[in-house]
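This report looks at one buried position and at the aromatic rings. Please keep the sequence and the structure in view while reading.

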Amino acid sequence: MRNVSDRVFYHLIIFIIFFFHGLYAGENKLFPKNIYDIDDNKIVISELSNNKTVCLITIKSVSCPVCTEQLIRFRERQKEFNKCNLTFLVLAPGGKDGIKELKKRTGFPFPFIQDKNLKIAERFDLAVPPFEIMPAVILLEKDGSIRWSKPGRGPDYFSDQALSDYLDCVNWI
């Protein structure tokens with residue numbers, strides 16, 4: 001009889017460990033509820049996503065030419081993405097001055113967020129230490145969790161088309 005109760009106790013302990021680990025790991029996968037952009041404007045994800053779909057664009061580095069081109073492509077397709085009520089945030093590593101220069105260079109009119117020490121990128125498994133973030137496009141839910149993501153970008157592949165295909169903004173009323 002003791003053997004059965006030991007196994008039950010063992011399985012109960014394993015369940016508790018995995019259950020609480022899952023809660024903790026799930027919490028870490030969320031975009032911060034409140035954050036400041038490079039111009040010190042407070043962004044509250046629940047408010048921003050109240051009547052818009054929030055798209056997070058991650059930038060490898062402020063000197064990445066493909067990332068720069070990606071932001072310009074998104075800017076040029078802004079009218080299309082407006083049809084499906086999309087708003088953007090840009091997550092970039094590096095210093096504020098470099099990020100501000102990237103914003104100016106691309107003319108991308110949405111908030112840019114500095115990812116100090118890659119803490120936000122780590123939440124989404126996109127950190128490339130010591131100084132870079134894996135490029136990605138991520139749609140966020142109201143709670144900051146991932147609804148859809150498309151990691152990667154290259155000279156012959158830009159994720160704006162994948163996002164457009166997923167959202168099908170062209171066919172929105």
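A residue is called buried when its relative accessible area is under 20%, as calculated with a 1.4 Å probe on protein chains only. Phe31, in this predicted model, has a relative accessibility of 1% and therefore counts as buried. Phe31 belongs to the loop that runs between helix 1 (2-28) and strand 1 (34-36).

Which residues is Phe31 in contact with, once its neighbours within four places in sequence are left aside? The partners are Ile45, Leu56, Leu89, Ile113, Ile120, Arg123, Phe124, Leu140, Asp143 and Gly144. One of these contacts, Arg123, lies 92 residues from Phe31 along the chain, while the C-alpha atoms of Phe31 and Arg123 are separated by 7.6 Å.

The aromatic rings form a second topic. A pair of such rings is described by the distance between the centres and by the angle between the planes. The structure contains eight aromatic pairs, and two of them, both edge-to-face, are set out below.

| Aromatic pair | Centre to centre | Between the planes | Geometry |
|---|---|---|---|
| Phe81 and Phe88 | 5.9 Å | 80° | edge-to-face |
| Phe108 and Phe112 | 6.3 Å | 80° | edge-to-face |

Planes over 60 degrees apart count as edge-to-face, so the angle of 80° places Phe81 and Phe88 in that class, and the angle of 80° does likewise for Phe108 and Phe112. Phe81 and Phe88 are both buried, and Phe108 and Phe112 are buried as well. These four residues are included in a cluster linked by ring pairs, which consists of Phe74, Phe81, Phe88, Phe108, Phe110 and Phe112.

How values were computed: Residues are numbered from 1 along each chain as its sequence is written. This is a predicted model: local features need pLDDT of at least 70, side-chain atom pairs count only at pLDDT 80 or more; totals for chains, interfaces and linings use all residues. Side-chain values use heavy atoms; hydrogens and water are left out. Helices (H or I, at least four residues) and strands (E, at least two) are DSSP runs, numbered from the N terminus. Buried means under 20% relative accessible area, exposed over 50%, partly exposed in between (1.4 Å probe, protein chains only). Contact means heavy atoms within 4.5 Å. Rings of Phe, Tyr and Trp (its six-membered ring) pair if their centres lie within 6.5 Å; planes under 30 degrees apart count as stacked, over 60 as edge-to-face and the rest as tilted.
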